[in-house]
Amino acid sequence: MIKAKNLVKKFGDFIAVDNVNLNIKSGEIYGFLGPNGAGKTTTIRMLTGTLKPTSGEIEILGMDMKKNEIKIKANIGVVPDEPKMYENLKGSEFIEFIMNIYEVDKDESKKRLDEICEAFEIDYLDSFIGDYSHGMKQKLMVASVLMRKPKVIFLDEPTVGLDAKSAKILKMLLEKYSKEGATIFLTTHILEIAEKMCDRIGIISSGKLIAEGTLEELKALSKTSEKQSLEDLFLELTGAGELDDIIKEL
Ligand SMILES: Nc1ncnc2c1ncn2[C@@H]1O[C@H](COP(=O)(O)OP(=O)(O)O)[C@@H](O)[C@H]1O
Ligand SMILES: [Mg+2]
């Protein structure tokens, strides 16, 4: 469903994404975990066709990004880290706009939208988007993506700005859609989110994919490297191993 081969993005001399390979299967919830500045957003922007790679290949739904960018974009769902929406539209007008662009089955999408709005407690579709908080926009963006039921869904730091209850509902919704066959790629800098939400986790640091596996596989890895917990492994792999020393110095 999602394939990247030797994916590289350079900004000038700086390598933001360094030879990343991905192979994500149908129905998987894949977590792309890494600290701030690791290259998560840059990777997701390349996978969703909004940023051109410096080199490497991308295949989504079996289609080559270079040849089928428009078709890929029509068939995926994207929740960016900063949901950019037309502030002068009401939530309901934004939803109508999305339904028209994507030419979805309106009856079916409306039914799904109602369910998602109820779950997420979205009762503000009659207000202007300009008056929404980050979390309210985030939830509307998620609803506008999930109502289309795309086969592949990308979410960049989806829980940032969501309260605990909304984050839990998002987790349940993503699980439901993945069980129905959707493939989900989400980024997070929070280990706990990756642990709780994802079937498989890739750890990215300084642009490199440095470890990948199921939670159990990563935990086994952390034991062999004599780290007690996955958190210790994550901190060590991402270069925060000297954290204890730093804190002692403070
Ligand atoms: N347009 C850009 N121009 C220059 N550097 C960039 C640009 N976008 C991202 N970067 C740099 O690439 C690195 C990775 O950024 P990003 O992918 O946003 O990280 P993350 O999402 O993991 O926090 C950072 O060092 C960032 O400053
Ligand atoms: Mg980011």
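Of the 250 residues of the protein chain in this predicted model, 38% count as buried. The chain contains ten helices and ten strands, and its C-alpha atoms fill a box of roughly 55 × 40 × 35 Å along the principal axes. A compact globule with 250 residues would have a radius of gyration near 18 Å, and the value of 19 Å computed for the protein chain therefore agrees with that expectation. Where contacts between residues at least 6 apart in sequence are considered, 69% of them join residues at least 24 apart.

The shell around ligand 1 consists of Phe11, Ala16, Gly34, Asn36, Gly37, Ala38, Gly39, Lys40, Thr41 and Thr42. Divided by class, this shell has six polar residues, three nonpolar residues and one charged residue. Helix H1, which spans residues 40–47, supplies three residues, the largest share of the shell. Helix H1 is itself mostly covered, with seven of its eight residues buried; these are Lys40, Thr42, Thr43, Ile44, Arg45, Met46 and Leu47. Two of the buried residues of H1, Lys40 and Thr42, are thus also found among the residues around ligand 1. Just after H1, Gly49 adopts a positive phi of about 80 degrees.

A second region of interest is the packing of helix H5 (residues 134–146) on helix H6 (residues 164–179), in which the axes lie 12 Å apart and form an angle of about 10 degrees. Because angles under 35 degrees count as roughly parallel, H5 and H6 are described as roughly parallel to each other. On the side of H5 the contact is made by Gly135, Lys139, Val142 and Leu146, and on the side of H6 by Ser166, Leu170, Leu173 and Tyr177. The residues of this contact comprise five nonpolar, two polar and one charged.

Two further residues of H5 illustrate contrasting environments. Met141, which lies in helix H5, counts as buried because it has 22 C-beta neighbours inside 10 Å. When residues up to four places away in sequence are not counted, Met141 touches Val79 and Pro83; with Pro83 the separation is 58 residues in sequence but 6.8 Å in space, C-alpha to C-alpha. His134, also found in helix H5, is by contrast exposed, since 12 other C-beta atoms lie within 10 Å. For His134 and Asn75, which are 59 residues apart in sequence, the distance in space is 26 Å, C-alpha to C-alpha.

The backbone also includes positive phi values outside glycine. Most residues other than glycine have a negative phi. Leu61, which is not a glycine, nevertheless has a positive phi of about 55 degrees, and is found in the loop between strand E4 (55–60) and strand E5 (63–64). With 17 other C-beta atoms within 10 Å, Leu61 is partly exposed. Lys149, likewise a residue other than glycine, has a positive phi near 55 degrees and is located in the loop between H5 and strand E7 (152–156). Lys149 is partly exposed, with 17 other C-beta atoms within 10 Å.

Technical notes:
Residues are numbered from 1 along each chain as its sequence is written. Chains are lettered from A and ligands numbered from 1 in the order in which they are written. This is a predicted model: local features need pLDDT of at least 70, side-chain atom pairs count only at pLDDT 80 or more; totals for chains, interfaces and linings use all residues. A residue is near a molecule or strand if its C-beta atom, placed from the backbone, lies within 6 Å of it. Helices (H or I, at least four residues) and strands (E, at least two) are DSSP runs, numbered from the N terminus. Ala, Val, Leu, Ile, Met, Phe, Trp, Tyr, Cys and Pro count as nonpolar, Asp, Glu, Lys and Arg as charged, and the others, Gly among them, as polar. Axes are lines fitted to C-alpha atoms, for helices over the stretch in contact, and angles run from 0 to 180 degrees between N-to-C directions. Angles under 35 degrees count as roughly parallel, over 145 as roughly antiparallel, 65 to 115 as roughly perpendicular and the rest as oblique. Two residues are in contact if their C-beta atoms, placed from the backbone, lie within 7 Å. The radius of gyration is taken over C-alpha atoms; the globule rule is 2.2 Å times the number of residues to the power 0.38. A residue is buried if 20 or more other C-beta atoms lie within 10 Å of its own, exposed if 12 or fewer, and partly exposed in between; C-beta atoms are placed from the backbone.
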